[in-house]
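Student: Before we look at any particular feature, could you show me how to read a model of this kind with some care?
Tutor: Gladly; here is the entry we will work from.

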Amino acid sequence: MHNINFIRDNPIIFDNFMKQRGELPCSKNIIKIDEDKRNTQTILQNLLAERNKLSKEIGILKSQNKDSEVENILKRVEKIKEETSNLKELEKIKEDELHAILSRLPNIPSSTTPQGKNENDNILYREWGDKSDFQFKPKRHYEIGENLNLMNFDLASKLSGSRFVVLKGMLSKLERAIAQFMLDKHTDENGYTEMYVPFLVKNDSLFGTGQLPKFGEDLFTAGENHWLIPTAEVPLTNLVRDKILQSNNLPMRVTSYTPCFRSEAGAAGQDTRGMLRQHQFSKVELVSIVEPQHSENELERMLESAESILKDLNIHYRVMTLCSGDMGFSANKTYDIEVWLPGENNYREISSCSNCGEFQARRMNAKYKSKDKNIFVHTLNGSGLAVGRTLIAILENYQTEDGNVIIPEVLRKYLNNQSLLI
RNA sequence: GGAGAGAUGGCUGAGCGGUUGAAAGCACCGGUCUUGAAAACCGGCAAGGUGGCAACACCUUCCAGAGUUCGAAUCUCUGUCUCUCCGCCA
């Protein structure tokens, strides 16, 4: 959500920012509605002030038993009531109009976010490790999984339709081991506190993080008033909704392992094979709530926390800085970690770390006490990492010629010290 | 699912038709004292908005939404959530 004062004071700059994000100029319209709203408010408030004053007089007169004087005042008050009820309606209309526009505009890109239209304009930030060297043609993850009889898409589609998977035996265990390794790393070494959170949330929470009102199509609903979370970012970030935090509680770093549900409405026909893009997947999420002056550093710290997982797994990856046109709605800056998949011969997103600045905090009304003022916090979120895609990366990078998979060192303690998948 | 109680500022908690935006305490901030800290004492301290260069004035908000009234934290209705007891249950 944007600060209306900023738009009022910098309409051209604002329109320019929105253009970078693929939006049409709209400041003129916003300012017009805002002016109408304020003009209405000024008139309304003067009338209300008069009414309040007269009501107080009535109180005093009644206590003095001067009923005859009360009569006259009542006439005037009645007239005011008529006028105010219309003005109140108009004010509400203008407020709703303004809110409807502002709540659908994406965040302003940070000054360090490269300008660009789409993923082709993203910029390489850094790389780590090397592409694994195979003496044979590496298979894709679903070939490995299906050949081992541990990954089954037909069964899943019988149960639930397309874009689901059933994992069996060691592959199912491997998924659990990956998640536990990530959680242990983030809680023991990276300073995050583990949380167990609801997987169903209500509208307000999704509005707070920015999925609603614009992107309801990408979500699954559950019953009348609930939605399935598309990411743990939603419950974790909303922990501070409608709060005024004490500054000694910041930074607040939390992590959670949850399933994520996405309708993938805009992805028809994309990545239909394998378990790369599913309606359901699990993810270990990182969320930081920080004071504004620390959010830029916090993004680097969060990125490093996410990277530490792939480093420990010893899998090659690169980090991309997303351009203004490719960033998510709430972000002012985003790094994507793209992991190397030798079977696919391609890099694939395995984590996305974003600084949302005060954008979500404004939507959520999340502040902290600083000296004498209450200031909006900054919120950040990142995957640390997507568990399903990490499983894919391990299968493809650690596969052997005979179709088995070597278990990465750091995961063995979670798997009875086994060194091979089967 | 049945019966009852409740929701007030960062927190605890008074108030139950008019001068209450709200007592008191804690927390926090400023000061006095102290070599420093603590304690003690003094002072400050809800949020959002409108108008104004400003000082400041005004409006709205005591879970949410409707209503009664000249006037609502206080009365009525609806919803949401919390707690207690009973039932059921992983």
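The conversation below takes up the nucleic acid surface, a helix, the aromatic rings and a single residue.

Tutor: This is a predicted model, in which local features need pLDDT of at least 70 and side-chain atom pairs count only at pLDDT 80 or more, while totals for chains, interfaces and linings use all residues. Residues are numbered from 1 along each chain as its sequence is written, chains are lettered from A and ligands numbered from 1 in the order in which they are written, and side-chain values use heavy atoms, with hydrogens and water left out.

Student: How many residues surround RNA strand B, and which are the closest?

Tutor: A residue is near a strand if one of its heavy atoms lies within 4 Å of it. Here 21 residues surround RNA strand B, the closest being Thr-42, Asn-52, Ser-55, Leu-74 and Lys-367. Of the strand's atoms within 4 Å of the protein, 78% belong to sugar or phosphate and the rest to bases. A base is nevertheless reached at Ser-55, where a polar backbone atom is 2.7 Å from a base nitrogen of RNA strand B. Helix 3 (helices here being DSSP runs of H or I with at least four residues, numbered from the N terminus) gives the most to this surface, with 12 residues.

Student: What distance should the ends of helix 4 span?

Tutor: The expected span is 1.5 Å times one less than the number of residues. For the 36 residues of helix 4 that comes to 52 Å, and the end C-alpha atoms are 50 Å apart, which agrees.

Student: Which residues of helix 4 are buried?

Tutor: An α-helix has 3.6 residues a turn, so residues three or four places apart point the same way. In helix 4 the buried residues (under 20% relative accessible area, 1.4 Å probe, protein chains only) include Val-70, Ile-73, Val-77, Ile-80 and Thr-84.

Student: How are the rings of Phe-134 and Phe-136 arranged?

Tutor: A pair of aromatic rings is described by the distance of the centres and the angle of the planes. Rings pair if their centres lie within 6.5 Å, with planes under 30 degrees apart counted as stacked, over 60 as edge-to-face and the rest as tilted. The structure holds 7 aromatic pairs; in this one the centres are 5.3 Å apart and the planes at 70°, so Phe-134 and Phe-136 are edge-to-face.

Student: Is Tyr-347 buried or exposed?

Tutor: Tyr-347 is buried, at a relative accessible area of 14%. Its side chain is joined to that of His-316 by a polar contact of 2.6 Å, a term for N or O atoms within 3.5 Å where, within protein, one must be able to donate a hydrogen and the other to accept it, residues adjacent in sequence counting only if both atoms are side-chain atoms.

Key: Helix = DSSP H or I, 4+ residues; strand = E, 2+ residues; numbered from the N terminus. Buried < 20%, exposed > 50% of the residue type's maximum accessible area, 1.4 Å probe, protein only. Phe/Tyr/Trp six-rings, centres within 6.5 Å; stacked < 30°, edge-to-face > 60°.
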